[in-house]
Each structure stands twice: as C-alpha cells, then as structure tokens.
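Visitor: I have a protein model to look at and plenty of questions. Could you walk me through what the words people use about it actually rest on?

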Amino acid sequence: MDLTTYLRALPKAELHLHIEGTLEPELMFALAERNQVALPWHSVEETRAAYAFADLQSFLDLYYAGAAALIHAQDFFDLAMAYFARAHADGVVHAELFFDPQTHTARGVAFASVLDGLERACSEARERYGISSRLILCFLRHLSEEDGFATLEQALPHLARIHGVGLDSSEQGHPPSKFARLFARCRELGLHCVAHAGEEGPPAYIVEALDVLKVERIDHGVRAAEDPALLARLAREQVPLTVCPLSNVKLRVFPTLQQHNLKALLDAGLKVTINSDDPAYFGGYVLENYRQTAEALQLSRAELQRLARNSLEAAFVGDAERALWLARLEALAD
Ligand code: HPA
Ligand code: ZN
C-alpha cells in the first residue's frame, strides 16, 4: 500500500482544528458577497498571496479579518460542512472543532447563530459521513478573563452541545494563569479543558496549563522540548499533545519540517498526535500533515499507526466508540 493510501485508511481523530481556520478564500468571498461584507482583499488570488506569515500574530491578524465574512447560522453550517467533507476524504473518524465565539459576538453575531450552524453541521456530518464530532469553545487569551466569563455566561444555555473549553490566540504575555478562575468554573461545570501552550510561549506556560488550568491535553506543546523535567513529566503522565506540523512551519516555530521535533517527542515517549490547526491558511488538511511529516521525518508505518492510535486514545469520546476505531486501526495491514 502506498503511503497516501495507508494514511487515508488509518482511522484517526482530529483534535486541534479551528473551524474558522478552515475558511478557504473561495468560500470567504462567496460569504462576503452573500452578506455584503467588505474584505481587506480584492480576490481569492490576492488573499492566498497574503498568506505568508512571520509569526503567530501576523497570522491571527488575517484570520480575524477573514472571519468577518461569517454572520449567519447558515454561514457557520456551510463552513463546517466544507471541513467535514475534507476530513471524511482524509479518513478522519472523529473531529473536535474549536470555535472562537468572541471573534463573532464582538461583531454583533449572536452566540446562538454560531452554535446553531456548527451543531447542525455536526449532526449532518454524522448522517452523511458517519463522522463523530465535538465542539470545544475557545477563549481568546488576548482578551480579559472577565470577557471570558461573559462568554461563558452566553454559553450556559447551550452547554449540552459544548463538550469542552480551550484557550487560543496570542500566547506571549498571556499566560494560562490569567484564566485560572475561568477554567476552575468550567471544570465545575463538567467541561473538558484544553489549552494552547508552548507554541510560541515558554515551557512554563505548559506547566501552568497543567497545574493551574488542569487541562487534559496540551495544544501544540512543542516547546516542552526545552525543559527536560517537563518532557519527562509529559511522558510519564501521557498528556496528549496536539501537534500541528504544517502550522508550526508556516508560523516559523520551526524553520523547516525536517527540523520539526515531532519525532524527537515521540521517541521521548510522549503521546503526540498530528492535526491541521488552520488548514485553509497553512497549506494542508490532516492527511497532508501526516504525509509531509512522514516524509520529512522518515516516520515508519509503526510510528504513523502510533500517531493515529494516540489521537483515538486522546479523543473526548466514550470507550465503546473508541474501541471500535481502535479495532479497525489494529486490523489495518501495512
Ligand atoms: N495558536 C493560537 N491561536 C490560534 C491558533 C494557533 O495556532 N489558530 C487559531 N487561533
Ligand atoms: Zn491552534
């Protein structure tokens, strides 16, 4: 079996995916026209040409600008359905979608519009593709904890449809401890907790995310490699890391994919997974992340299977569903 066929056949979960980051320029322009919204670019080509990033912030500036095209529940539905079609084609059996309500409510979009559109897409994806999914509300860390509490308040009537919370946006200068009280409240509400940490921020932010926010997974986490004691802890506690290789190269966390530390993290015994982050901006969906990483780092089939197994083991799903996917994974021959 060739590499791409093998990778597609591997049952896998995508656990680090910002749904706003799946907005391809073609859909962005179609929605902007439908909604009579002005974009900072004049064409699809000009938009794609602008996707050359120096760091996380330079990406976030464009990502928030593009999200302005999203207004109605139908827009969020169309966005998520386009993602699910791609994910299904890549052999994703389960996807956990991050969404950033503050990006939308700040523009006057109702929280319910965002959630209704995404929710409907999740049900439709289950029916059409058999994909299971979860919604994870992300708080923007460049905003205040108070703003986060106001967002949680808006989410309360919808908690049956929200499985967890995360923390994203500009990392430097916004440590996890800024959101200690908010995450404590989310834990009391029974929500799963994850946080971006150690993408651009220091290893100490990963420690804070674990000890102060008590998260169950770390999003990115690649800078853990700078702290041997933390590395040993992550291996011992088998904390899943949702690594996004193409994102890391585009945002210059690593100069090239060949220099990415994913294999080193795997070799150190960490529970690493591969994900696409914001695929419309970073040049590849999850299969492309697996494929390019496999080639750049010379990963074996056993290592690729381990990465997919890690993603299934780290998913926020019941054990019965997980067991079915794991059985399919183990049955897959090389
Ligand atoms: N890091 C932080 N915030 C984000 C990202 C990311 O990779 N993608 C979308 N928001
Ligand atoms: Zn991310």
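Guide: Sure, let's start with helix 2, whose buried residues pack against helix 3 (44-49), helix 4, helix 5 (73-89) and helix 14 (279-282). Keep in mind that this is a predicted model.

Visitor: Which residues of helix 2 (residues 25-35) are buried?

Guide: They are Pro25, Leu27, Met28, Phe29, Leu31, Ala32 and Asn35. Just after helix 2 comes Gln36, which takes a positive phi of about 55°.

Visitor: Why is Ala121 called buried or exposed?

Guide: Set the value against the cut-off: buried means under 20% relative accessible area. Ala121 has 0%, so Ala121 is called buried. Ala121 is found in helix 7 (residues 111-129).

Visitor: What does Ala121 touch, not counting residues up to four places away in sequence?

Guide: Ala121 touches Phe77, Ala80, Met81 and Phe84. Touching here means heavy atoms within 4.5 Å. As for Cys244, its C-alpha atom is separated from that of Ala121 by 24 Å, and the two residues are 123 residues apart along the chain.

Visitor: And Leu137, why is that one called buried or exposed?

Guide: Same kind of check. Leu137 has a relative accessible area of 1%, and the cut-off for buried is under 20%, so Leu137 is buried. Leu137 is found in strand 3 (residues 132-140).

Visitor: Which residues does Leu137 touch, leaving out those up to four places away in sequence?

Guide: Among them are Phe99, Pro101, Phe111, Thr151 and Ala155. Ile162, Gly164, Val165 and Gly166 are also touched by Leu137. Leu137 and Leu191 are 54 residues apart in sequence, and their C-alpha atoms are 9.9 Å apart in space.

Visitor: How do you know how the protein chain compares with a compact globule?

Guide: With 334 residues, a compact globule would have a radius of gyration near 20 Å, and the protein chain has 19 Å, so the two agree. The C-alpha trace spans about 50 × 45 × 40 Å along its principal axes. Buried residues make up 60% of the 334 residues. Of the contacts with a separation of 6 or more, 76% are between residues 24 or more positions apart. The chain has 17 helices and 8 strands.

Visitor: How can you tell where empty space is left?

Guide: Rolling a probe the size of a water molecule over the atoms shows that. Here the count comes to 1 cavity of 30 Å³ or more. The largest cavity has a volume of about 100 Å³. Of the 16 residues that line the largest cavity, His18, Leu56, Phe59, Leu60 and His196 are the closest to its centre.

Visitor: What makes a space a cavity rather than a pocket?

Guide: In a cavity the probe fits but cannot get out, whereas a pocket is open. The largest pocket has a volume of about 180 Å³.

Visitor: Which elements give two or more residues to the lining of the largest pocket?

Guide: Helix 7 and strand 3 do. Residues lining the largest pocket include Glu119, Cys122, Arg126, Ser132 and Arg134. By class, this lining has 4 nonpolar, 4 polar and 4 charged residues.

Visitor: And which element gives the largest share of the lining of the largest cavity?

Guide: That's helix 4 (residues 56-66), with 5 residues. The lining of the largest cavity divides into 7 nonpolar, 4 polar and 5 charged residues.

Notes. Residues numbered from 1 in each chain as written. Chains lettered and ligands numbered in written order. Predicted model: local features only at pLDDT ≥ 70, side-chain atom pairs only at ≥ 80, totals over all residues. Heavy atoms only, no water. 1 Å grid on protein atoms, 1.4 Å probe; cavity = no way out; pocket = protein on both sides within 12 Å on 5 of 7 lines; lining within 4 Å. Points joined across faces, edges and corners; volume = space filled by probe spheres on them. Helix = DSSP H or I, 4+ residues; strand = E, 2+ residues; numbered from the N terminus. Nonpolar A, V, L, I, M, F, W, Y, C, P; charged D, E, K, R; others polar. Rg over C-alpha atoms; globule rule 2.2 N^0.38 Å. Buried < 20%, exposed > 50% of the residue type's maximum accessible area, 1.4 Å probe, protein only.
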